[in-house]
Amino acid sequence: METNLVVPYQSFSTVSMRNRKINTYYKYKKISYLPSWSICCVLAKPPASNQSHSNYNVYKDNWFDHLAINHLSQSIQATTGLRNNKSGYEGLVEAARVVYVKFNSKHQVNLVAEALQRAFPKPILSLLKMLLPQSKWAREYCAAFTRVFFAWLVGPCEVKESEFNGRMENNVVHIKKCRFLEETNCVGMCTNLCKMPSQLFIKDTLGMPVNMVPNFDDMSCEMIFGEDPPPPDTDPAFMQPCFKLCKLNNKHQTDCNSQMKKKDVEIS
């Protein structure tokens, strides 16, 4: 908690305190005299509660970023038939949030995967799948392509080296702080609306397995191209409780994934 330190004059009255325009809440009694070196300490109003993670990133999207963000947002809304009036990344997050609230986890994954299919022309996807058979070059190409063309979706990222079948490859995309997770602040939305559908989409359209490994402590993530993801029952990402300040905490309890599994049982 911050404090404001006020060095008073020898004659320190309530009037002089008001004239100093101290922007805080305080209670005081009338003070007729204080020694010349006395200090009056006033407790300042506590700052508003921040998100569960500090250093909130501010993005300056360029024309390409805006075009891509709005295109994906419209693809999700067209797939679900549920529209919203928001634009930019806020509109994309709102479209995803509606999917998360309205549908169970299985439908969430399938709807977002379908929206991704809708967002990219099928002839281009088919051509890429034909040109990118499993190889070191294909894995490194996918990593480099993701770093360059998808920063608008996930935030700044870099390509890292890892061992693959006994040799080193540049097949890992390290997302420094995921923009989508930071905006939603919800573990369930990360796993059900980003991790699972992205893995499914990339494997189905490009024939490239990819394992997305989110770190919920610092909101970073790694996309490991060429590596098959573990099944949800053993995937550590699905054992993670949600953040205390989850923006959808009125929709579920602390464990997003357990709640969604429970919801699936209730609906089925």
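A cavity here is a set of grid points where a 1.4 Å probe fits but cannot get out, and its lining residues have an atom within 4 Å of a point. Keep that in mind for the first exercise, and remember that the model is predicted.

**Exercise 1. Work out which residues line the largest cavity, and which elements they come from.**

Step 1: Start with the count. There are 2 cavities of 30 Å³ or more, and the largest has a volume of about 60 Å³.

Step 2: List the lining. Going along the chain, you meet Ile175, Cys178, Leu181, Cys190, Cys194, Lys195, Met212, Pro214, Ser220 and Cys221.

Step 3: Sort by element. Helix or strand, α9 (187-206), β5 (210-215) and β6 each supply at least two lining residues. The largest share, 3 residues, comes from α9.

Step 4: Sort by class. The lining has 8 nonpolar, 1 polar and 1 charged residues. Cys and Pro count as nonpolar here, so the cysteines of the lining go into that group.

**Exercise 2. Find what the salt bridge between aspartate 61 and arginine 179 ties together, and say how accessible each partner is.**

Step 1: Check the distance. The closest N and O atoms of aspartate 61 and arginine 179 are 2.9 Å apart, and the cut-off for a salt bridge is 4 Å.

Step 2: Place the partners. Aspartate 61 sits in the loop between β2 (40-43) and α2 (63-80), while arginine 179 belongs to helix α8 (residues 179-184), so the pair links parts 118 residues apart in sequence.

Step 3: Look at accessibility. Aspartate 61, at 22%, is partly exposed, whereas arginine 179, at 5%, is buried.

**Exercise 3. Take the pairs glutamate 169 with arginine 139 and glutamate 222 with lysine 160, and decide whether each partner is buried or partly exposed.**

Step 1: Glutamate 169 and arginine 139 bring their closest N and O atoms to 2.9 Å. Strand β4 (residues 167-175) holds the glutamate and helix α6 (residues 136-149) the arginine, so this bridge ties parts 30 residues apart in sequence.

Step 2: Glutamate 169 is buried at 0% relative accessibility, and arginine 139 is buried at 5%.

Step 3: For glutamate 222 and lysine 160 the distance is 3.4 Å. Here strand β6 (residues 220-225) is tied to strand β3 (residues 157-164), with the partners 62 residues apart in sequence.

Step 4: Glutamate 222 is partly exposed at 25%, and lysine 160 is partly exposed at 32%.

**Exercise 4. Name the residues that shared salt-bridge partners join into one network.**

Step 1: The whole structure has 10 salt bridges.

Step 2: Follow the shared partners, and you get Lys86, Glu90, Glu94 and Arg97 in one network.

Definitions and conventions:
Residues are numbered from 1 along each chain as its sequence is written. This is a predicted model: local features need pLDDT of at least 70, side-chain atom pairs count only at pLDDT 80 or more; totals for chains, interfaces and linings use all residues. Side-chain values use heavy atoms; hydrogens and water are left out. A salt bridge is a side-chain nitrogen of Lys or Arg within 4 Å of a carboxyl oxygen of Asp or Glu. Helices (H or I, at least four residues) and strands (E, at least two) are DSSP runs, numbered from the N terminus. Buried means under 20% relative accessible area, exposed over 50%, partly exposed in between (1.4 Å probe, protein chains only). On a 1 Å grid over the protein atoms alone, a cavity is a set of points where a 1.4 Å probe fits but cannot get out, and a pocket is an open set with protein on both sides within 12 Å along at least five of seven lines; lining residues have an atom within 4 Å of a point. Grid points are joined across faces, edges and corners, and a volume is the space filled by probe spheres set on the points.
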